[in-house]
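Good morning, colleagues. Please look at the structure as it comes up, and I shall then take you through its sheet, its cores and its aromatic contacts.

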Amino acid sequence: METRMTGILLDSPPVVGRCLDVVEPGKGEAGPAFFLIHGGGWDGGHRGQYYPVLDYLRRRGHPVAAAEYRLCDGRITVADQLTDLRHGYDWLIRFLRCRSGRKCPQVVVMGSSAGAHLAALLAYAAPGECGESLVFGDRRLEIENWVPPAGLVAVCGPATMTPWPDIHPGIWESMQKAVGCRYGEDTRERFERFSPARYRGKNSCPTLLVGAELENLFPLRFLERWRDELRACGGYCECRVYAGQVHGFLYQYDNESQRRALRDIVDFAEALRQQQEA
């Protein structure tokens, strides 16, 4: 890939996982920025998975950041990952302010699978609302300067961290590891605290839900419920399912369904820009 990319380390000395890669479009008016969060079951994956999509979005006029976060390992949990991503997102906001002069630059947060879950918490919950720390080392998130995401694109992600009757055993193990404890009556509240469904409401940012026709981990019925419940409370939400695709399909644009999904995502971001300018 020929894209010129800038690597950003959030800490000094560097901490593995707390970094992001940033690219800018060429000359001309830039569209809303994207903040990409990779998936991988909360304990795997890397920001490089999103490089093809990053380049696709850049070539269509969008600044883009692909974020890394510390992976769950029995000690790191979703709370720690959310801290990492809030710090990375805040760095991007500050960067965009310097580039554009806008106090509240537009950023669309986009993630796949576990990344969609983390993206939804970042977009819907206020800083610290999930119980995550706002401080890591010398870096502190200033709540008064927080700029909420302008939009959310959630690809093949879960709306809840609580179990359902036909849950895939492997993904359930990953979810419990991510939360940091086994599920039970005495820990249920912790699982609900990390469920995006808990925070969605009429003030939630506009949302595009992207589903795969052959999804096998997070049932499509939950995406439809996510859409219906957000609409019912006055929020904006669209849900689109792409034919012939499997879980985690949108890291490339090799087939027509992938290309159509990315066009829809760019259109979603453009609509946000037009709405802001209206």
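**From the sheet outwards**

I begin with a single bridge: Ser112 is matched with Val155, its bridge partner in E8. Before going further, I should state that this is a predicted model. The bridge just named belongs to a wider pairing, in which E5 and strand E8 (residues 151-155) run parallel and are joined by five bridges. In general, the strands of a sheet pair through backbone hydrogen bonds, in either a parallel or an antiparallel manner.

How are the strands ordered in the open sheet? The order is E1-E2-E4-E3-E5-E8-E9-E10, eight strands with mixed pairing. Its edges are strand E1 (6-9) and strand E10 (237-242), each of which pairs on one side only. From one strand to the next, the twist averages 20°.

Let me turn to helix H1, residues 51-58. Six of its eight residues are buried, so this helix is largely enclosed by the rest of the structure. The buried residues are Pro52, Val53, Leu54, Asp55, Tyr56 and Leu57. What covers them? The cover includes four strands, E2 (19-23), E3 (33-37), E4 (64-67) and E5 (107-112), together with helix H7 (256-277).

Next, the nonpolar cores. The largest contains 64 residues, and the members that touch the most others are Leu20, Phe35, Ile37, Trp42, Leu152, Met175 and Trp226. Helix H2 supplies the largest share of this core, with ten residues. A second core, separate from that one, has 30 residues, including Phe34, Val64, Ala66 and Ala212. To return to Met175: beyond its neighbours within four places in sequence, Met175 is in contact with Trp42, Thr160, Met161, Thr162, Trp164, Ile167, Phe191 and Phe218.

I come now to the aromatic residues. Searching the whole structure yields twelve aromatic pairs. In one of them, Trp91 and Phe95, the ring centres are 5.2 Å apart and the planes lie at 15°, so the pair is stacked. These two residues are four apart in helix H2 (residues 78-100), and are thus separated by about one helical turn. Are they buried or exposed? Trp91 is buried at a relative accessible area of 19%, and Phe95 is buried at 14%. For Trp91, the cut-off deserves mention, because buried means under 20% relative accessible area.

A further pair is formed by Trp172 and Phe191, whose ring centres are 5.7 Å apart with planes at 45°, so this pair is tilted. Since Trp172 lies in helix H4 (residues 169-179) and Phe191 in helix H5 (residues 188-193), the pair ties together parts that are 19 residues apart in sequence. Both Trp172 and Phe191 are buried.

There is also an aromatic cluster made up of Phe35, Tyr89 and Trp146. Over the face of Trp146 lies Arg86, 5.1 Å from the ring centre. Elsewhere, the charged end of Arg193 is placed over the ring of Phe194, at 5.9 Å from its centre.

I close with Arg140, in strand E7 (residues 139-140). Its relative accessibility is 58%, so Arg140 counts as exposed. Residues up to four places away in sequence aside, Arg140 touches His87, Leu134 and Val135. Its C-alpha atom is separated by 31 Å from that of Tyr183, 43 residues apart along the chain.

Key
Residues are numbered from 1 along each chain as its sequence is written. This is a predicted model: local features need pLDDT of at least 70, side-chain atom pairs count only at pLDDT 80 or more; totals for chains, interfaces and linings use all residues. Side-chain values use heavy atoms; hydrogens and water are left out. Buried means under 20% relative accessible area, exposed over 50%, partly exposed in between (1.4 Å probe, protein chains only). Contact means heavy atoms within 4.5 Å. Rings of Phe, Tyr and Trp (its six-membered ring) pair if their centres lie within 6.5 Å; planes under 30 degrees apart count as stacked, over 60 as edge-to-face and the rest as tilted. A charge sits over a ring if NZ of Lys or CZ of Arg is within 6 Å of the ring centre and within 35 degrees of the ring normal. Two strands pair if DSSP finds at least two bridges between them. Axes are lines fitted to C-alpha atoms, for helices over the stretch in contact, and angles run from 0 to 180 degrees between N-to-C directions. A nonpolar core is a set of buried Ala, Val, Leu, Ile, Met, Phe, Trp, Tyr and Cys residues joined through side-chain atoms within 4.5 Å.
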